[in-house]
Amino acid sequence: AAGTGKTTGLVRRVVSLLAAGVVTVDQLVVITFTEKAAAELSTRVRDELERRANEVDDEEQRRRLLDAARDLYRAHIETIHSFATALLRERPVEAGIDPLFEVLEGLAAGLDFDQAYERFQDELLASDDPDLERALRREFGLQELREACEHLHAHRYLLPLAHPGSSGGGLDETLDDLRGIAAELRELMREHSPVDKLVDVVERIVAWVDGLDALGGDELERLLVSGSRTKTNKGVGSDANWGGQKQRVKDLQDRYNETLDTAKLTLRTDALLGLLSRIEQFVREYAEDRKRRGKADFDDLLFWARDLLRDSEPARRYFRRRFRTVLIDEFQDTDPVQAELALLLT
């Protein structure tokens, strides 16, 4: 947690390594979470190096401390993205990238994504794609399509995805559940022949469910996705009129609503599954296009550096020899590519 001394401990560890001659500033990597934290850490390390140099009696150690303070500007005390950029700038050939690659930030990154997505959407809309038609029919619209592309683009370390494919939306199961609810409501009315306002509610539910059998598949989908249904009312009716079964009627109304809510979600989820392969293809092709153009977003820096260390044994050996110690201040997010990059380096 904040204030528990993590950074203080890290500063002392860095200074001790430099003082003992275990590493030089050029062999040291210290990864922090933000640029502000990196600047603060560097300042604190320099202060501690100078303080320690004034206190030690060993001349050799004092010399190492003062040399380290003088040369500290060369040390890789930086964010994971800055460090990944440094690796790529040094070995662009092995990384298979333009040595003058540009890092897209903020508005530039957003505009680049917008242009790529608009091309993808235009091509998809121009195609005769039954999965897209089904998705639009189920109210999985263009805004949801874009959001899905944005989410997968932001979490592309998950690729490749599993593709369970479309299941049809579970219409048969939904109808069976609704018929079972209607049948039990009929039986409760038959057994107790109640006379109160709850009868009207129950009769409307039963009639609405019975009407579903007359609908075709597309009509039924549109009805379920739209959320249209006859309304329930659990606040009316006398328990005495229902032979103590009013709570059961209320529970069946809940099941009726839950079944319809689940059906809507299932249909829309099924629509997304039908488009998932296209969404993944867009994310992959857009990533490949950025690499060809020498345009990297922040995540690309991590992926490209990871791939460099993973795929090039000479580069991996070189950096492992060069960087003798890697210290990590904190990884506050859970991106596994960051951890993989650190493990490959060490």
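This tour visits a buried strand and then a charged patch on the surface.

The model is predicted, so local features need pLDDT of at least 70 and side-chain atom pairs pLDDT 80 or more, while totals for chains, interfaces and linings use all residues. Residues are numbered from 1 along each chain as its sequence is written, and side-chain values use heavy atoms, without hydrogens or water.

**Stop one: the strand**

Select residues 28–32, which form strand β1. Strands here are DSSP runs of E with at least two residues, and helices are runs of H or I with at least four, numbered from the N terminus. In β1, 5 of 5 residues are buried (under 20% relative accessible area with a 1.4 Å probe, protein chains only; exposed is over 50%, partly exposed in between). Turn the strand to see L28, V30 and T32 covered on one side, with V29 and I31 covered on the other.

Now add residues 325–328, strand β5, which runs parallel to β1 and is joined to it by 4 bridges; pairing takes at least two DSSP bridges. Show residues 76–79 as well: this is β2, also parallel to β1 and joined by 4 bridges. Centre on I31, whose bridge partner is I328 in β5 and E78 in β2.

**Stop two: the patch**

Next, select E118, D122, E123, E285 and E288, a negative surface patch. Patch members have over 30% relative accessible area and no salt bridge (Lys or Arg side-chain nitrogen within 4 Å of an Asp or Glu carboxyl oxygen); like charges are joined within 9 Å, and nonpolar side chains within 5 Å. Colour α6 (106–126) and α12 (246–293), which each supply at least two patch residues; α6 gives the most, with 3. Finish on E285, in α12, which is partly exposed at 44% relative accessible area.

Key. Accessible areas come from the Shrake-Rupley method with a 1.4 Å probe; for residues, only the protein chains shown count as cover. Lys and Arg count as positive and Asp and Glu as negative; His and the chain ends are not counted. The place of a charge is taken as NZ of Lys, CZ of Arg, CG of Asp or CD of Glu.
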